[in-house]
Every structure is written in structure tokens, then in C-alpha cells.
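Here is a short briefing to read alongside the model. Points are grouped by topic.

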Amino acid sequence: MTEQPPVIVEPEQTSATAVVIILHGLGASAHDFDPLIPALSLPDDLAVRFVSPHAPVLPVTVNNGMTMPAWYDITSMALEREIDEAQLKASAQRIHQLIDEQIASGIDSRRIVLAGFSQGGAVAYEAALTYPEPLAGVLAMSTYFATADSIKADDANQGTSIEIHHGTQDPIVDETLGRRAAERLTDMGYDVEYRTWPMAHTISADQIPAIREWLIERLGE
């Protein structure tokens with residue numbers, strides 16, 4: 001099957017000098033972020049391009065083998081997810097290629113943020129922390145650190161800021177997993193900020209100002 005091109009939203013007033021690559025969750029679409037981008041209302045002078053790739057369509061074991069957009073297969077929904085790590089790492093390599101394309105277009109790697117929601121967040125951790133050039137930051141939303149025990153992190157991103165958001169009422173990815181990710185990454189020496197909201201498995205209106213503030217902090221330097 002032909003890979004769908006990513007959804008790209010360019011800044012309105014000027015050519016892009018920064019990029020946010022944002023990865024959707026299981027069974028979703030890159031278009032799920034269409035309402036988020038205008039809601040962030042980022043300053044024009046940040047000149048941010050948003051790039052949202054589509055996950056491949058795969059059979060997902062925990063959903064009775066149904067095919068759907070998925071960055072990797074999930075074989076068990078126990079608290080500690082059982083996943084197809086090879087597929088996750090292949091998805092991370094695909095994101096590396098996307099980052100490479102943005103750099104080739106003239107964007108400094110240090111002005112590229114990698115963000116992800118749920119499954120997309122698990123890929124974002126792997127992709128960002130193994131990328132061989134420094135990035136601006138990682139935004140991990142309602143997700144978990146699926147490759148914590150196998151990741152071969154690159155020193156280039158040892159100082160990269162990691163912002164983790166989670167809902168205290170999340171019925172899909174329990175908040176315990178968000179906290180464990182924050183603790184593990186802190187133990188690995190990363191600069192981690194962990195924030196929660198009284199929400200389910202979603203991006204809430206209350207959360208958007210915090211995302212906006214963090215992006216301005218990371219990309220306004």
C-alpha cells in the first residue's frame with residue numbers, strides 16, 4: 001500500500017524556521033491534530049511548520065487482529081504493554097527520515113520538536129532519544145516509554161528537554177505509566193517536566209496553554 005504523505009501546515013506570515021513533528025495515536029489520523037494547531041495560536045515570529053505523518057495500517061492483536069493505523073502492534077493491554085518492538089523501532093526510523101528531510105530543507109535540528117500522543121508518544125521517545133543530532137525537545141502526551149529497557153540513546157540528545165503530559169483519569173494509558181516514564185528518563189539523566197490534568201485519554205482545552213508555553217520556550221530561544 002502506498003504511504004500517505006504527511007499533513008503539513010506552514011506558518012502564515014513567513015517561511016518556516018522551526019518544525020513540530022507530531023505523531024497520532026492508535027487507530028487515529030494525522031488530521032486529528034487539525035484543531036490543535038490553530039488553538040495553540042503560536043506567535044508568527046516563531047515561524048513553525050507542523051508536520052503530522054500518518055501511521056501505517058497494521059493488524060493489531062489486542063483489537064482482534066483488525067487492521068487500523070498503528071505505529072506498531074500491541075499484543076497485550078496489561079499495564080506493562082507487550083508490543084512489537086521491531087515495528088516500533090522501524091516507525092522511529094521512519095521519523096528519523098522525516099527529521100532528515102526537514103533539516104535538508106534548511107531547518108536547524110535544534111529547532112525541531114518531536115511530539116506524540118499515546119502510541120505516537122512511545123515512538124517519539126524512541127525516535128528523539130536515538131536521533132544523532134540535537135533536537136529542541138520532546139513532548140510526550142498520554143503515553144508510555146515502551147522501549148525503556150532496549151533503547152540505545154544517542155548522546156546528541158542527552159540535554160534535550162522532555163515535557164510529559166498525562167490525564168489523571170486516563171482509562172487507556174494509566175497515569176502510572178506516564179509517571180514511570182518520567183522517573184526512568186530522570187534516572188537516565190534527562191531534563192524532564194511531568195504535568196497532569198484531570199482528564200481522560202485526550203488533549204484538553206486546559207492543557208493547550210501549557211503546550212503553547214512550552215513550545216514558545218523551546219523554539220523562541
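The lining of the largest cavity divides into ten nonpolar residues, no polar and no charged ones. The model is a predicted one. In it, one cavity of 30 Å³ or more is counted. The largest pocket, by contrast, has a lining of 14 nonpolar, seven polar and two charged residues.

**Cavity**

- The volume of the largest cavity is about 50 Å³.
- Its lining consists of V20, I22, L36, L40, F50, A115, L139, M141, I211 and L215.
- Four elements each supply at least two of these lining residues: β2, α1 (36-40), β9 and α5 (208-219).
- A general point on method: empty space left between atoms shows up when a probe the size of a water molecule is rolled over them.

**Largest pocket**

- The largest pocket holds about 380 Å³ of space.
- Its lining counts 23 residues.
- Nearest the pocket centre lie G25, A28, F117, S118 and H201.
- S118, one of these central residues, sits in the loop between β8 and α3.
- Is S118 buried or exposed? S118 is buried, because its relative accessible area is 9%, under the 20% cut-off.
- The phi of S118 is positive, near 55°, although the residue is not glycine.

**Helix α2**

- Helix α2 runs over residues 85-104 and has 20 residues.
- How does the span of α2 compare with what is expected at 1.5 Å a residue? The expected span is 28 Å, and the end C-alpha atoms are 28 Å apart, so the two agree.
- At the start of α2, D84 places a side-chain oxygen within 3.2 Å of the backbone nitrogen of A86.
- After α2 comes G106, with a positive phi near 115°.
- The buried residues of α2 are L88, S91, A92, R94, I95, H96, L98, I99 and Q102.
- Which elements help to cover the buried residues of α2? The cover includes the strands β2 (18-23), β3 (48-52), β7 (82-83) and β8 (112-117), along with helix α3 (119-130).

**R94, a buried charged residue of α2**

- R94 belongs to helix α2.
- R94 counts as buried because its relative accessibility is 16%, and the limit for buried is under 20%.
- Which residues does R94 touch, leaving out those up to four places away in sequence? R94 touches E3, Q4, P53, H54, A55, P56 and W71.

**Loop between β9 and β10**

- This loop joins β9 (137-141) and β10 (161-167), and A148 lies in it.
- S142 is also placed in the loop between β9 and β10.
- S142 is buried, because its relative accessibility is 0%.
- The phi of S142 is near 50°, a positive value in a residue other than glycine.
- A148 is buried as well, because its relative accessible area is 15%, against a cut-off of 20%.
- How far apart in space are A148 and E126? Their C-alpha atoms are 8.6 Å apart, with their places 22 residues apart in sequence.

**P5 and P11**

- P5 is in the segment before β1.
- P5 counts as exposed, because its relative accessibility is 62%, and exposed means over 50%.
- P5 and H54 are 49 residues apart in sequence, yet 7.3 Å apart in space, C-alpha to C-alpha.
- H54 is also among the residues that R94 touches.
- P11 lies in the loop between β1 (7-9) and β2.
- P11 is buried, because its relative accessible area is 17%, under the 20% limit.
- Leaving out residues up to four places away in sequence, P11 touches A16, A47, V48 and R49.
- What separates P11 and G27 in space? A distance of 28 Å lies between their C-alpha atoms, and the two are 16 residues apart along the chain.

Conventions:
Residues are numbered from 1 along each chain as its sequence is written. This is a predicted model: local features need pLDDT of at least 70, side-chain atom pairs count only at pLDDT 80 or more; totals for chains, interfaces and linings use all residues. Side-chain values use heavy atoms; hydrogens and water are left out. Helices (H or I, at least four residues) and strands (E, at least two) are DSSP runs, numbered from the N terminus. Buried means under 20% relative accessible area, exposed over 50%, partly exposed in between (1.4 Å probe, protein chains only). On a 1 Å grid over the protein atoms alone, a cavity is a set of points where a 1.4 Å probe fits but cannot get out, and a pocket is an open set with protein on both sides within 12 Å along at least five of seven lines; lining residues have an atom within 4 Å of a point. Grid points are joined across faces, edges and corners, and a volume is the space filled by probe spheres set on the points. Ala, Val, Leu, Ile, Met, Phe, Trp, Tyr, Cys and Pro count as nonpolar, Asp, Glu, Lys and Arg as charged, and the others, Gly among them, as polar. The expected span of a helix is 1.5 Å times one less than its number of residues. Contact means heavy atoms within 4.5 Å. A polar contact is a pair of N or O atoms within 3.5 Å; within protein, one must be able to donate a hydrogen and the other to accept it, and residues adjacent in sequence count only if both atoms are side-chain atoms.
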